[in-house]
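Colleague: Please take a close look at a single part of this model, the place of one buried glutamine, and then work outwards to the rest of the protein.

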Amino acid sequence: MKQYNIAVIPGDGTGAEVVREGVKVLNAACAKFDVKLNYQTYDFGGERYMRTGELLPQSAIDELRKFDAIFLGAIGHPDVKPGILEKGILLTMRFELDQYINLRPVKLYPNVYTPIKDKGPAEIDFVIVRENTSSIYTGLGGTVAKGTPDEVTTQVMLYTRKQVERCVRYAYEFTKKRNKRNTLTLAHKTNVLTDCGDLWFRVHEEVGAKDYPTIKREYNNVDAVTMWMVKNPEWFDVIVTENMFGDIITDLGAMIQGGMGIAAGGNINPEGVSMFEPIGGSAPKYTGQNVINPLASICSGIMMMETLKEDAVANAIDSAVTKALESGKIKSLAAGKMGMGTSEIGDLVASLI
Ligand code: IPM
Ligand code: MN
């Protein structure tokens, strides 16, 4: 029997409910393939912060490093000033564990409503590779003369060649393995960001030409990408982009695949420990009501098992999700409108494994 140690961080709001269902489905799938996940739960999040002042201490980071993967619910609490938990827990984890890839598939399952008319599962199926450790997110910059008419503020879009190259290489490798349309599109803004954009452009060209000649290279400005994602999503296979643009276009991606109820992401360190999460937030107003959609968490479990190279388990969960949606029992993916509860969706998917 194969065993993996998984750190579970339910986090804030509805995080605990969706993680519970994600674990339920993971267990059902693992049991079928003689795989065992050993979980250890950590209570990092808003409640702990308000009680103890602790966010994600160094000792916890060192502990997390020893796991095979991290399964996270959501971080964000209405009683904590914006930025504290996000930076202190989520971004700290991504940065400290060097999870330099944020992998966000945009995949429309059958029978799921997309706001894009005339597009279905055949057209909406691409993956966004978002750089996850640098750019404006590093916090480089600052403010002087705050509150005066002379206030000056900067937040710098920082990139090193190495950061860009490891991300672009991952994206090429991913595109090759995916073997779908064998096209890697770089999204940036080279017409204005003539330094940062140029670095990404050159790396995309150089790495592609030298090491991935069979992969088609494309470039689109990121504003145009938002347009094509809606108008012609079938043009995309894999999109690689820097951190801030990736944050924005993956929310758009989530909407075209049916909403935050089903959008999952992986924070991947290909050489270390990766973290998997639903990409929607903690949805505090729905907490404890059994109305939040657990499919995003369940789908992040698919990505976790793929990353652990347990493809049979991942595929089993993926087909169970497909069957659950095809059954027509789930009326909508939106919280409170699903026609069933959070735990009933988990039960349904688990029963279809
Ligand atoms: C996301 C979130 C985070 C981000 C926030 C909460 C820091 O929006 O995972 O996309 O900007 O990366
Ligand atoms: Mn985001």
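Modeller: This is a predicted model. Gln 163 has a relative accessible area of 16%, and because buried means under 20%, Gln 163 counts as buried. Its place is in helix α5. The side chain of Gln 163 makes a polar contact of 2.9 Å with the side chain of Ser 134. Once neighbours within four places in sequence are set aside, Gln 163 is in contact with Glu 131, Ser 134 and Leu 158. Ser 134 thus appears both in the polar contact and in the list of contacts.

Helix α5 spans residues 161–178, and a loop lies between α5 and β8 (183–188). Asn 179 is in that loop, and Asn 182 is found there too. Asn 179 has a phi near 50 degrees, which is positive although the residue is not glycine. For Asn 182, phi is likewise near 50 degrees, again a positive value in a residue other than glycine. As a rule, most residues other than glycine have a negative phi. Asn 179 has a relative accessibility of 53%, so it counts as exposed, the cut-off being over 50%. Gln 163, by contrast, is buried.

The wider setting is given by the domain assignment, which lists domain 1 (1–99 + 283–353) and domain 2 (114–257). Five residues from domain 1 and seven residues from domain 2 take part in the contact between them. The C-alpha centres of the two domains are 25 Å apart.

Ligand 1 has a shell to which domain 1 and domain 2 each give at least three residues. The residues around the ligand are Glu 86, Leu 90, Arg 94, Arg 104, Arg 130, Tyr 137 and Asp 247. By type, five of the shell residues are charged and two are nonpolar, with no polar ones. Helix α4 (residues 84–96) supplies the largest share, three residues. Polar side-chain atoms come up to oxygen atoms of ligand 1 from several of these residues: the distance is 2.7 Å for Arg 94, 2.8 Å for Arg 104 and 2.9 Å for Asp 247. Taken alone, ligand 1 exposes 320 Å², of which the protein buries 76%.

Another buried polar contact can be set beside that of Gln 163. Glu 310 is in the loop between α9 (295–307) and α10 (311–326). With a relative accessible area of 11%, Glu 310 is buried. The side chains of Glu 310 and Tyr 4 are joined by a polar contact of 2.5 Å. Beyond its neighbours within four places in sequence, Glu 310 is in contact with Lys 2, Tyr 4, Val 35 and Met 305.

Helix α10 also holds Lys 323. Its relative accessible area is 42%, so Lys 323 is partly exposed. Between Lys 323 and Asn 111 there are 9.8 Å from C-alpha to C-alpha, while in sequence the two are 212 residues apart.

To return to the starting point, Gln 163 is a buried residue of helix α5, with its side chain in polar contact with that of Ser 134. The loop between α5 and β8 contains Asn 179 and Asn 182, and Asn 179 is exposed.

Terms used. Residues numbered from 1 in each chain as written. Chains lettered and ligands numbered in written order. Predicted model: local features only at pLDDT ≥ 70, side-chain atom pairs only at ≥ 80, totals over all residues. Heavy atoms only, no water. Near = heavy atom within 4 Å. Polar contact = N/O pair within 3.5 Å; in protein donor to acceptor, adjacent residues only side chain to side chain. Areas by Shrake-Rupley, 256 points an atom, 1.4 Å probe, with all protein chains shown as cover. Helix = DSSP H or I, 4+ residues; strand = E, 2+ residues; numbered from the N terminus. Nonpolar A, V, L, I, M, F, W, Y, C, P; charged D, E, K, R; others polar. Domains from an automatic or database assignment. Buried < 20%, exposed > 50% of the residue type's maximum accessible area, 1.4 Å probe, protein only. Contact = heavy atoms within 4.5 Å.
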